[in-house]
Amino acid sequence: MQGCAFIADKWRPAADGRTIDMICPSDGAVIGAIARCEAMEVDAAVAAARAACGGAWARTPAADRGRILAKIGMAILDHAEALTTLEAADTGKPLKQARNDVLACARYFEFYGGCADKLHGETLPFLNGYQVLVLREPRGVTGHIIPWNYPLQMFGRTIGGSLAAGNATVIKPAEDACLSVLLMAEIAAECGLPAGALNVVPGLGEEAGAALAGHGGIDYLSFTGSSAVGTLVQRAAAEHHTPCALELGGKSPQIIFADADLETVLPVVANAIVQNAGQTCSAGSRALIHRDIYDEVMARLAERISALRVGSHAMDLDCGPVINRQQMQRVEGFMARAAESQIRVAAQGNIDKAAPETGFYVKPTLYEAVPPAHELAQEEVFGPVLAALAFKDEAEAVAIGNGVAYGLVAGVWTENGGRQMRMAKALRVGQVFVNGYGAGGGVELPFGGVKRSGHGREKGFEGLREFTVSKTVVINHG
Ligand code: NAD
């Protein structure tokens, strides 16, 4: 399965046998190889998916589609240990985080399996003598391009939703972490998913990814990744007028008012930046703190950040490595420029002595009084770096909260009910958590961004509808 693409239920190497080494971020060791697919394999995968759209998968009744997805959900739990180990080694995330990702992936298949036979159209009132039906149909062949930070979760949410709606899928996982997705293809086939309903074409973004994004045989494209690549993908999709959803980056604020219950707030705020070493689209990377409690919150947050321990995935500490050397250097670049701007470090966690020297480790870092216009308060660092800013009132919290190019998620911490609602309405984001922070939210919750965080929704029933298209049938029955 390694070194191969999965097309029409068969494992096959890339045409010229080219592969890409998979590197474990914890120690830089090579732990496998994936196929380096290009346009030729993408063409074959799209053709296999197209055949499934007119074949066994298209003839599978909705309830049976649901059963197959539910079976995949159960099988994920049966393979939980193997998937956890693979996901942790591939991404570097601590085992306990990888374990949660496996459960979330299973839950997506369980949820979407249950939805498959509950998707339905409508009838509309119209002129006398007419009957209008609005059918809700699958889009056909859906393409999926996903990032490396949560391979299993991304697979579950985008493939689970699309298959439940009756589409046939082609997925291009990320070149930096992809092994669990290959295992998922095997598991799905064992659960009875017909040939061609799921095809996996691993490879580089600029090769396999670009070939899929610009493919004329794709009826809908779901892209999750950086805002910069999202622009390229949308442009490529526009060539064929392929509709697409873009799930992009974020710079999500955690807004802490003076009446917040700090015992609840502080562990959540610390976790929301350290989870997955800060490489989460919805990482709470800005702490906006009311000036009356700023000193107290900073002191207590600094204590927590200083106590954090970083190590390999197998050491299973608070934080793992970042994905690769380039990402480590990128995060270090932000830190170096923050130092040049004389932005003060309020606290840093520790890299455990037992962490391999060849791994890509970054100390979780809390920055104090970051000016709102500084890149640390504006750009997605994608590392365990938290920027703290003070605000004086609701209006300023909203202005700073919305004062970035992104709009993905926000956390609001206050006991005041009116303020909870005012803030939730005023923040320009796709999800708001009040007195909690879901770091991406649950399987059931529609998720997606506004502004540079993208458009379209995944997760929940709303995400499922995006994988369908309506058709209006007008019958003149006299
Ligand atoms: P990335 O944009 O570099 O890569 C994402 C995917 O796109 C990969 O599979 C990559 O191979 C592919 N790709 C790269 N160049 C391409 C091209 N020219 N054409 C087509 N495909 C191409 O992102 P990344 O570094 O893998 O992931 C991190 C980013 O993903 C962050 O910005 C993060 O916020 C975002 N993200 C968003 C969500 C969300 O739901 N909003 C979830 C997870 C991650």
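Two strands pair if DSSP finds at least two bridges between them. Helices (H or I, at least four residues) and strands (E, at least two) are DSSP runs, numbered from the N terminus. This is a predicted model: local features need pLDDT of at least 70, side-chain atom pairs count only at pLDDT 80 or more, and totals for chains, interfaces and linings use all residues. Residues are numbered from 1 along each chain as its sequence is written, and side-chain values use heavy atoms, with hydrogens and water left out.

Q: In what order do the strands of the seven-stranded open sheet run?
A: The pairing in this sheet is mixed. Strands S15 (345-348) and S21 (431-434) each have a single partner strand, so one side of each lacks a neighbour in the sheet. The order is S15-S17-S18-S13-S12-S20-S21.

Q: By what angle are neighbouring strands of this sheet turned against each other on average?
A: Axes are lines fitted to C-alpha atoms, for helices over the stretch in contact, and angles run from 0 to 180 degrees between N-to-C directions. For neighbouring strands of the seven-stranded sheet, direction is ignored. The average is 20°.

Q: Which residue in S20 stands opposite Ile255?
A: Strand S12 covers residues 253-256 and strand S20 covers residues 409-413. They pair in the parallel sense over three bridges. Opposite Ile255 stands Val412.

Q: Which residue in S24 is the bridge partner of Arg136?
A: An open sheet of three strands has the order S5-S6-S24, with antiparallel pairing. Strand S6 (residues 130-138) and S24 pair over nine bridges. The bridge partner of Arg136 is Ser470.

Q: Which residues form a nonpolar patch on the surface together with Met74?
A: Patches take residues with over 30% relative accessible area and no salt bridge; like charges are joined within 9 Å, nonpolar side chains (Val, Leu, Ile, Met, Phe, Trp, Tyr) within 5 Å. Met74 sits in helix H3 (residues 62-78). Met74 is exposed, at 53% relative accessible area, where buried means under 20%, exposed over 50% and partly exposed in between (1.4 Å probe, protein chains only). Its patch partners are Leu77 and Leu103.

Q: How many residues apart are Arg157 and Glu247?
A: Their side chains meet in a salt bridge (3.9 Å, N to O), meaning a side-chain nitrogen of Lys or Arg within 4 Å of a carboxyl oxygen of Asp or Glu. Both Arg157 and Glu247 are buried. Arg157 lies in helix H6 (residues 151-164) and Glu247 in strand S11 (residues 244-247). The separation is 90 residues.

Q: Is Arg419 buried or exposed?
A: Arg419 forms a salt bridge with Asp259, with the closest N and O atoms 3.6 Å apart. Arg419 lies in helix H15 (residues 417-426) and Asp259 in the loop between S12 and helix H10 (262-274), so the pair ties together parts 160 residues apart in sequence. Asp259 is partly exposed, at 31% relative accessible area. Arg419, at 19% relative accessibility, counts as buried.

Q: Which residues are linked with Asp259 in a network of salt bridges?
A: Side chains of opposite charge can pair when their charged atoms come close. The structure holds 24 salt bridges. The network links Asp259 with Glu394, Arg419 and Arg422.

Q: Which helix holds Glu375, the salt-bridge partner of Arg337?
A: The side chains of Arg337 and Glu375 meet at 2.6 Å, N to O. Arg337 counts as partly exposed at 35% relative accessibility, and Glu375 is partly exposed at 23%. Arg337 lies in helix H12 (residues 325-340), and Glu375 lies in helix H13.

Note on methods. Areas by Shrake-Rupley, 256 points an atom, 1.4 Å probe, with all protein chains shown as cover.
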